Amino acid sequence: MTAWMADLWENVRVALDGLVVNKMRALLTMLGVVIGVAAVIALLSIGEGAQASITDQIASVGTNLIFVTPGAANLHGPVQGASGSATTLTYDDALAVADAALVPDARWVAPEYSRNTQVIFGAANINTSVQGVTAEYLEAFELTTARGRFVEQRDVDRRANVAVLGAQAAENLFGGFDPLGQKIRIALPDGDGRVSLTVIGVLEEKGSSLMGSADDNLFVPISTAQTKLFNARNPLGELVVSRINVVAASEGRAEAVQNQVNDLLLRRHGFDAAEDADFSVINQADLLSMANQVTSIMTVFLGAIAGISLLVGGIGIMNIMLVSVTERTREIGIRKAVGARKSDVLMQFLLEAVVLSLIGGVVGILLGVGLAQLVEMTGLIDSLVTWNSVLMSVGFSVAVGLFFGIYPANRAAGLHPIEALRYE
């Protein structure tokens with residue numbers, strides 16, 4: 001072992017001995033660092049978990065899916081979509097997008113018109129999204145029927161009074177009974193009466209995603225939703241849609257499809273520039289970028305809040321080290337009198353501050369990981385502990401010890417040995 005390593009180890013040992021002598025004071029001093037590090041890891045883990053969850057949900061919908069919505073582009077538009085209040089996208093627009101000659105790189109085009117309303121069966125009554133769709137919707141969102149069948153083109157052509165239930169909607173309305181062939185009633189807006197629909201299918205459970213959950217929804221032919229259930233016409237009398245869902249032939253063609261759809265609708269709507277358009281064309285990459293931007297800002301904000309408690313812990317370390325310097329003034333004088341250099345005294349007190357913060361950091365890491373796992377177990381929100389957050393917390397705790405230990409250590413090192421020996 002080299003001389004400097006031996007000196008370092010000796011200083012660490014002396015620092016530990018000093019902490020052991022004042023156990024309660026050391027524990028209380030470390031508490032601020034423990035809480036700070038634990039908060040940083042727990043909150044960063046929640047932020048990272050939220051970002052990973054949103055990314056997985058977007059990817060689960062399909063990386064080659066494009067959304068055409070009324071209005072200007074924003075994160076909420078394509079996700080919520082089904083308001084039914086916008087009138088700038090027509091069913092004829094959807095038919096034009098579905099024309100292979102106009103958008104050659106699209107595989108599936110699935111327009112929808114959706115509204116929330118009451119669905120009734122016997123004594124059961126639920127409020128859910130009634131989505132008017134075409135047969136292509138099943139393929140576009142990779143849904144599977146568990147029983148019966150999905151909406152077909154013939155149902156759309158004759159505006160059939162039929163419905164397909166999501167797995168959870170079927171459970172809520174029918175419990176353990178088979179819903180196929182049963183009649184359900186849809187409450188019309190503004191109390192205009194009810195329309196009876198026959199259940200022709202039930203979907204397999206899909207789970208929730210950033211697009212919502214198909215499990216809770218009711219699916220009907222889009223023509224039925226537009227003309228029999230809701231008034232889906234604009235002031236010109238044209239049938240409108242809430243959203244046009246387009247699936248590119250491949251992930252690599254998604255951007256090409258986005259451009260083709262955008263150019264087509266600009267021509268149809270009479271706009272020269274995309275900035276002036278009354279519609280938005282957004283792909284999964286746009287959604288992912290916006291979602292990551294939001295969650296990254298949230299993660300940084302959470303980390304900054306937690307970092308404040310670390311600063312408070314650092315102030316506590318500096319305060320206790322100043323008290324320690326005062327209490328050990330005579331000891332410092334004796335050490336200097338027998339030949340200790342200024343750098344030796346400086347290193348001793350600086351190492352005490354670093355050891356305090358480092359031990360507190362390790363305990364804080366264990367506590368923070370435990371809190372993150374506890375949050376994960378509740379199922380309310382995802383958390384993801386990363387090495388980056390752990391290493392950053394350790395580094396920050398050591399930096400706190402160094403920063404807030406410099407002033408007390410420098411004060412101790414600067415004491416004149418004669419004055420220190422005279423101190424009572």
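In which helix is leucine 31 found? Leucine 31 is found in helix α2, which covers residues 23-61. The model described here is predicted. With a relative accessibility of 44%, leucine 31 counts as partly exposed, because the partly exposed class runs between 20% and 50%. Leucine 31 also belongs to a nonpolar patch on the surface. Its other members are Met24, Leu27, Leu28 and Ile35. Together, the residues of this patch have about 520 Å² of accessible area.

The protein as a whole comes next. It has 424 residues, and 46% of them are buried. Its secondary structure comprises 14 helices and 12 strands. About 20,600 Å² of surface is exposed. Carbon and sulfur atoms supply 59% of that area. Contacts between residues at least 6 apart in sequence were also examined. Of these, 77% join residues at least 24 apart.

Helix α9 illustrates the geometry of one element. The helix spans residues 254-269. Its 16 residues should span 22 Å at 1.5 Å a residue. The end C-alpha atoms of α9 are 22 Å apart, so the computed value agrees with the expected one. Many residues of α9 are listed as buried, including Ala254, Ala256, Val257, Val261, Leu264, Leu265 and Leu266. Gln258, Gln260, Asn262 and His269 are also among the buried residues of α9. Glycine 270 follows the helix. The phi angle of glycine 270 is positive, near 75 degrees.

Charged side chains were considered next. Side chains of opposite charge can pair when their charged atoms come close. The count comes to 8 salt bridges. One of them joins arginine 268 to aspartate 93, with the closest N and O atoms 2.6 Å apart. This pair links distant parts of the chain. Arginine 268 sits in helix α9, whereas aspartate 93 sits in helix α4 (residues 91-97). The two residues are 175 residues apart. Their exposure was also computed. Arginine 268 is partly exposed, at 41% relative accessibility. Aspartate 93 is buried, at 3%.

Another salt bridge forms between the side chains of glutamate 152 and arginine 154, at 2.6 Å from N to O. Glutamate 152 has a relative accessible area of 28% and is partly exposed. Arginine 154 is partly exposed as well, at 46%. A further bridge connects arginine 158 with aspartate 155. Here the closest N and O atoms are 3.7 Å apart, so the pair falls within the 4 Å cut-off. Arginine 158 counts as exposed, at 52% relative accessibility. Aspartate 155 is buried, with a relative accessible area of 0%. Shared partners join several of these salt bridges into one network. The network contains Arg149, Glu152, Arg154, Asp155 and Arg158.

Aromatic side chains were then examined. A pair of aromatic rings is described by the distance of the centres and the angle of the planes. The count comes to 5 aromatic pairs. In one of them, the ring centres of tyrosine 137 and phenylalanine 141 are 4.6 Å apart. Their planes meet at 35 degrees, so the pair is tilted. Tyrosine 137 and phenylalanine 141 are both buried. Phenylalanine 150 and phenylalanine 219 form another tilted pair. Their centres are 5.9 Å apart, with 55 degrees between the planes. Phenylalanine 150 lies in the loop between β4 (145-148) and α6 (153-157). Phenylalanine 219 lies in strand β10 (residues 218-221). The pair therefore ties together parts that are 69 residues apart in sequence. Phenylalanine 150 and phenylalanine 219 are buried. Ring pairs link Tyr137, Phe141, Phe150 and Phe219 into a cluster.

Two single residues complete the account. Phenylalanine 301 is found in helix α10, residues 284-327. At 55% relative accessibility, phenylalanine 301 counts as exposed. The C-alpha atom of phenylalanine 301 is separated by 9.4 Å from that of leucine 43. Along the chain, these two residues are 258 residues apart. Serine 129 lies in strand β3, residues 124-133. Serine 129 is buried, with a relative accessible area of 12%. Leaving aside residues up to four places away in sequence, serine 129 touches Ser114, Arg115, Asn116, Asn217 and Leu218.

Methods
Residues are numbered from 1 along each chain as its sequence is written. This is a predicted model: local features need pLDDT of at least 70, side-chain atom pairs count only at pLDDT 80 or more; totals for chains, interfaces and linings use all residues. Side-chain values use heavy atoms; hydrogens and water are left out. Helices (H or I, at least four residues) and strands (E, at least two) are DSSP runs, numbered from the N terminus. Buried means under 20% relative accessible area, exposed over 50%, partly exposed in between (1.4 Å probe, protein chains only). Rings of Phe, Tyr and Trp (its six-membered ring) pair if their centres lie within 6.5 Å; planes under 30 degrees apart count as stacked, over 60 as edge-to-face and the rest as tilted. Contact means heavy atoms within 4.5 Å. Patches are made of residues with over 30% relative accessible area and no salt bridge: like charges are joined within 9 Å, nonpolar side chains (Val, Leu, Ile, Met, Phe, Trp, Tyr) within 5 Å. Accessible areas come from the Shrake-Rupley method with a 1.4 Å probe; for residues, only the protein chains shown count as cover. The expected span of a helix is 1.5 Å times one less than its number of residues.
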